[in-house]
Amino acid sequence: MVALASRIRLEDRECPLSTTVEHVGEWWTLLILHDAFDGYTRFDQFQESLGISSSMLTTRLKTLVADGLLERRPYQTSPVRHEYVLTELGRSLRPVIVALAAWGNARLRPTERSMILVDARSGEEVEPVVVDAKTGRRLDDSTAYVFAAGPAASDAMRSRYAARPAVPAEEA
């Protein structure tokens, strides 16, 4: 991945949320990835879909390639033209995009939703949720699931999570 920008605080550089936002938290980046999940691969397709300037799109595509989320491949030799295809790492972001869209839709009345997620076979609308792979329990309860310092955590990160208030026994 590319070097972190200076806007990330030194103490946040080890935080997976901070580093993820640095790579995919920009407006155009998320929209380009969304289009890639919808099957767009060519510069002109992204540009037409998003109404983004050529220079901005070029910059964002270069970053997505450098970060390993898209792969740049030639699809035409004369003149040489390239397409941008999701890598395995890029495809692994689909649940994140789906969850963000679901979060946005949950704040709208059904008649106000311009895009919904449906089962490809039945056409029925589905409700995406994030769950624990082992238990199937929803992860949206911040008292049942909390962040903790991991094995590679610095002293600062360990201190941050050691200082977290304890969960009352009746909530645990």
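Is Asp140 buried or exposed? I looked this up before anything else, and Asp140 counts as exposed, at 55% relative accessibility. I note here that the model I am reading is a predicted one.

**Entry: the chain as a whole**

I went through the secondary structure and found seven helices and two strands in the protein chain. Reading from the N terminus, I wrote the order down as α-α-α-α-β-β-α-α-α. I then looked up burial: of the 172 residues in the protein chain, 22% are buried. I also looked at contacts between residues at least 6 apart in sequence, and 31% of these join residues at least 24 apart.

**Entry: salt bridges**

I counted the salt bridges and the structure holds four. I wrote up three pairs, including the one that involves Asp140.

Asp140 meets Arg138, and the N to O distance in this salt bridge is 2.9 Å. Arg138 is partly exposed, with a relative accessibility of 43%. Asp140, at 55%, is on the exposed side of the cut-off because exposed means over 50%.

In the next pair, Arg109 and Glu112 form a salt bridge whose closest N and O atoms are 3.1 Å apart. I looked up both partners: Arg109 is exposed, with a relative accessible area of 54%, and Glu112 is partly exposed, with 38%.

The last pair I wrote up is Glu71 with Arg73, where the side chains meet at 3.4 Å, N to O. Glu71 counts as partly exposed at 36% relative accessibility, and Arg73 counts as partly exposed at 34%.

**Entry: aromatic rings**

How many aromatic pairs does the structure hold? I found two. Trp27 and Trp28 make an edge-to-face pair, with 6.3 Å from centre to centre and 80 degrees between the planes. I checked Trp27 for burial, and Trp27 counts as exposed at 58% relative accessibility.

The rings of Tyr40 and Phe46 also pair, with their centres 6.5 Å apart; their planes stand at 40 degrees, so I entered this pair as tilted. Tyr40 is partly exposed, with a relative accessible area of 29%, whereas Phe46 is buried, at 0% relative accessibility.

I looked for a charge over a ring as well. Arg42 lies over the face of Tyr75, and the distance to the ring centre is 3.7 Å.

**Entry: the strands and what follows them**

Where is Pro79? I placed Pro79 in the loop between strand 1 (70-77) and strand 2 (80-86). The peptide bond that joins Ser78 and Pro79 is cis, with omega at about -5 degrees.

I then moved on to Thr87, which lies in the loop between strand 2 and helix 5 (88-91). Thr87 counts as buried, at 17% relative accessibility. Leaving out residues up to four places away in sequence, I listed what Thr87 touches: Gly68, Leu69, Leu70 and Glu71. Glu71 had come up already, as the salt-bridge partner of Arg73.

**Entry: Lys62**

I found Lys62 in helix 4 (residues 54-66). Lys62 counts as exposed, at 60% relative accessibility. I looked up its C-alpha separation from Tyr84, a residue 22 places away along the chain, and the value is 9.9 Å.

**Entry: helix 6**

Helix 6 covers residues 94-106, which is 13 residues. From first C-alpha to last, helix 6 reaches 18 Å, close to the 18 Å expected at 1.5 Å a residue.

Which residues of helix 6 are buried? I listed Ile97, Val98 and Asn105. Looking down the axis of helix 6, I find these buried residues within an arc of 100 degrees, so they line one face of the helix. A general point helps in reading this: an α-helix has 3.6 residues a turn, so residues three or four places apart point the same way.

I then asked what the buried residues of helix 6 pack against. The partner is helix 2 (27-37). On the face of helix 6 turned away from the buried side, I noted the exposed residues Pro95, Trp103 and Ala106.

Conventions: Residues numbered from 1 in each chain as written. Predicted model: local features only at pLDDT ≥ 70, side-chain atom pairs only at ≥ 80, totals over all residues. Heavy atoms only, no water. Helix = DSSP H or I, 4+ residues; strand = E, 2+ residues; numbered from the N terminus. Expected span 1.5 Å × (residues − 1). Buried < 20%, exposed > 50% of the residue type's maximum accessible area, 1.4 Å probe, protein only. Arc of directions from axis to C-beta. Contact = heavy atoms within 4.5 Å. Phe/Tyr/Trp six-rings, centres within 6.5 Å; stacked < 30°, edge-to-face > 60°. Lys NZ or Arg CZ within 6 Å of the ring centre and 35° of its normal.
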